[in-house]
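User: Could you take me through the labels attached to this model, and set each one against the rule behind it?

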Amino acid sequence: FFHFQEWKRTYRNSPLYPVKYPGALGFVFVKEGAIPVYPPVLSAEDDKLVPARAGSTHYHGPGGVVQSHIISNWIQAEDVDRTFLPSSNHVYCLKSSRKQFPEYPEVSKCDEAVSWQDEARVILLNDAPSWNAVHSESDVTLLLTLQLTTTPKGLIIPMLELAERNILSWDNSSSGRRQPCILIIHVAGATEEAVQVIHERFGATSELVVDGRTIRPTKAHNRNESNSKRSLLSHCLIAAIFSADNDRVSQKALMNMAADAAPTRWIVTGLDVERGIIISKESSFFAQRATKVQGDVPGKLFIIPQFSAHSNIHYHDASRSTTHVLPSVGIGELLRAKDSIKLTWDISSLDCIQCEVDKDIKKAEEHLLRNIETLWWEMTLARVTHHNSGRNNGELLEETAWVKTADNIEYELIEFLLPENQDKFETFGITPLMMIDRIGPRKRMLTLNVARGVEEFGGSKCFNGLVLAQLSTLGYDIRVLPGAFAISLPAWRDGEICQMMKESKESTCDGCFMITENIKNDIASEERGRVAKAALLWREMDAHVRKKGI
């Protein structure tokens, strides 16, 4: 709440997030929220602190500005408990609606919120005991969320299998060390049977108390099997939120919740498990390699492409003389099969439930995705399959072209934030899969403080690319991650799974269903305006300091 003479304004929580978790020199308050003020970025000639490694005290250490919720105390813990999760100050709004009084102006209110410290609502199914070996600087945490309903009943197990396959594919140990992950499950209309299935799925052997009810493992549940499963998933923090009602919650709130709990500097976010997508089994290797090679300069964001295939990829089991669909796909298998399985980067075109989309809006989305895919294929073929060897002139020209394409992608993302492009951006049908540096391109800048998922935008098609566009505007270096990808095969998304999704009341076309049109437009305007003003303010401050020679 702010009051200057005749100006009175009520802020949402998100625009004031930088103030709650400060690291900036100060703040400028505008009608769209709080803009943090960071030390100016000087030229390499003038700034005696350049180059400043991401691991230096400018970013980390007792004298640094990265709080314990980023360089996590998980590393120092032998037994993980809630004291090492984000504090109760970190609150996540699962459900929003229009505030009824006063009637005008129309503003949103939070109807249901949780925190990691809410033991009654947030149930820890697996406490990630392997996190005591996490390397916070070079390891990468995969963030997964899953929204389930108990109708139809048979949909829960296939969806849990998809989530588990992503966890195991990310682990893979090909990077030499198990990479951490976080899975948050929300179950609407939770029954005792659903709670029991999820509880047992992730290796639990003890009783579980939910809403005052004690859920015990079934007699058929094998304790040895449970211990084996817990060992397989020991690198993954798994939590569940069980709701008695059948209402959907904000996917972006769940993603914010997962991001805040990550024990590493780098996170991978945006994978839609419900679409039958599984991350490739070498993605963690390529992700970790990128952090080691390019992690010295903070403020990078790597886009990971997502594909859908028209046909399955099989492997032959010689011992049993049988053929099966691959449980996960690697880059070699993708390269060998890409012509025969008919890949598409437009994953929404093969969704089980098709949504009506305006042709002009779809065209803008396709243009961006095509540029990303083209750049990724070129860099993957060059750097992963090594079709060029040595530093010849042709390769240098190729890299120059890649930089230009990446710049064009950044400009295209920034243009999405223009008011006239709101309709195109609002109905963006794909959630970008991104590897994000939680340390920003400016000193003292923390990514999760300046750009978070807007929790009021809770629908499946509701400004899904907003954070990507905001970070591009704020000066993050947008790239693609060669070799890493996620893919959906027909066997993972069609058949019984598709039929049950159609029978369920879930909608993949629900848009910004939680709030009114006026509130949606107001929030979108605020989110655009705040990052635009921040970018202009920082640029003017940099120019002023350079001019004065300070």
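**Labels and their rules**

Analyst: To begin with one cavity, the lining of the second largest cavity receives at least two residues from each of α1 (17–20), β4 (33–37), α11 and α15, where helices (H or I, at least four residues) and strands (E, at least two) are DSSP runs numbered from the N terminus. The model is predicted, so local features need pLDDT of at least 70 and side-chain atom pairs count only at pLDDT 80 or more, while totals for chains, interfaces and linings use all residues. Residues are numbered from 1 along each chain as its sequence is written, and side-chain values use heavy atoms, with hydrogens and water left out.

User: What makes a space in this structure count as one of the cavities of 30 Å³ or more?

Analyst: A cavity is a set of points, on a 1 Å grid over the protein atoms alone, where a 1.4 Å probe fits but cannot get out, and its lining residues have an atom within 4 Å of a point. The volume is the space filled by probe spheres set on those points, which are joined across faces, edges and corners. Searching the whole structure with a threshold of 30 Å³ gives 7 cavities, and the second largest cavity holds about 100 Å³. Of its 15 lining residues, Pro 18, Asn 449, Val 450, Ala 451 and Arg 530 lie nearest the centre, and α15 contributes the most, with 4 residues.

User: Which elements line the largest cavity, and how do its residues divide into nonpolar, polar and charged?

Analyst: The largest cavity has a volume of about 170 Å³; it is lined by 17 residues, and Ile 303, Pro 305, Gln 306, Leu 369 and Ile 372 are the closest to its centre. Two or more residues come from each of β15 (300–304), β16 (306–309) and α8 (359–383), the largest share being the 4 residues of α8. The division is 14 nonpolar, 2 polar and 1 charged, on a scheme in which Ala, Val, Leu, Ile, Met, Phe, Trp, Tyr, Cys and Pro are nonpolar, Asp, Glu, Lys and Arg are charged, and the others, Gly among them, are polar.

User: Why is the pair Cys 93 and Cys 110 called a disulfide?

Analyst: The rule asks for a pair of cysteine sulfur atoms within 2.5 Å, and the sulfur atoms of Cys 93 and Cys 110 are 2.2 Å apart. The link is right-handed, with 120° about the S-S bond. Because Cys 93 lies in strand β5 (residues 92–98) and Cys 110 in strand β6 (residues 108–114), the pair ties together parts 17 residues apart in sequence. Burial is judged by relative accessible area, with buried under 20%, exposed over 50% and partly exposed in between (1.4 Å probe, protein chains only); Cys 93, at 10%, is therefore buried, whereas Cys 110, at 42%, is partly exposed.

User: How many disulfides does the rule give, and what is the handedness of the link between Cys 181 and Cys 236?

Analyst: The count comes to 3 disulfides. Cys 181 and Cys 236 meet the rule with an S to S distance of 2.2 Å, and their link is left-handed, with -135° about the S-S bond. This pair connects strand β9 (residues 181–188) with strand β12 (residues 236–242), 55 residues apart. Cys 181 is buried at 0%, and Cys 236 is buried at 0%.

User: Why is the disulfide of Cys 462 and Cys 512 called right-handed?

Analyst: The torsion about its S-S bond is about 105°, so the disulfide of Cys 462 and Cys 512 is right-handed. Cys 462 sits in the loop between α11 (447–450) and α12 (466–473), and Cys 512 in the loop between α14 (496–503) and α15 (517–548), 50 residues apart.

User: What makes helix α5 largely enclosed by the rest of the structure?

Analyst: The helix spans residues 251–261, and 11 of its 11 residues are buried, so α5 is largely enclosed by the rest of the structure.

User: Why is the ring pair of Phe 307 and Trp 377 described as tilted?

Analyst: Rings of Phe, Tyr and Trp (its six-membered ring) pair if their centres lie within 6.5 Å, and planes under 30 degrees apart count as stacked, over 60 as edge-to-face and the rest as tilted. The rule yields 13 aromatic pairs. Among them, Phe 285 and Phe 286 are edge-to-face, at 5.3 Å centre to centre and 65° between the planes. The centres of Phe 307 and Trp 377 are 5.9 Å apart and their planes stand at 40°, so this pair is tilted. With Phe 307 in strand β16 and Trp 377 in helix α8, the pair ties together parts 70 residues apart in sequence. Phe 307 is buried at 1%, and Trp 377 is buried at 13%.

Note on methods: On a 1 Å grid over the protein atoms alone, a cavity is a set of points where a 1.4 Å probe fits but cannot get out, and a pocket is an open set with protein on both sides within 12 Å along at least five of seven lines; lining residues have an atom within 4 Å of a point.
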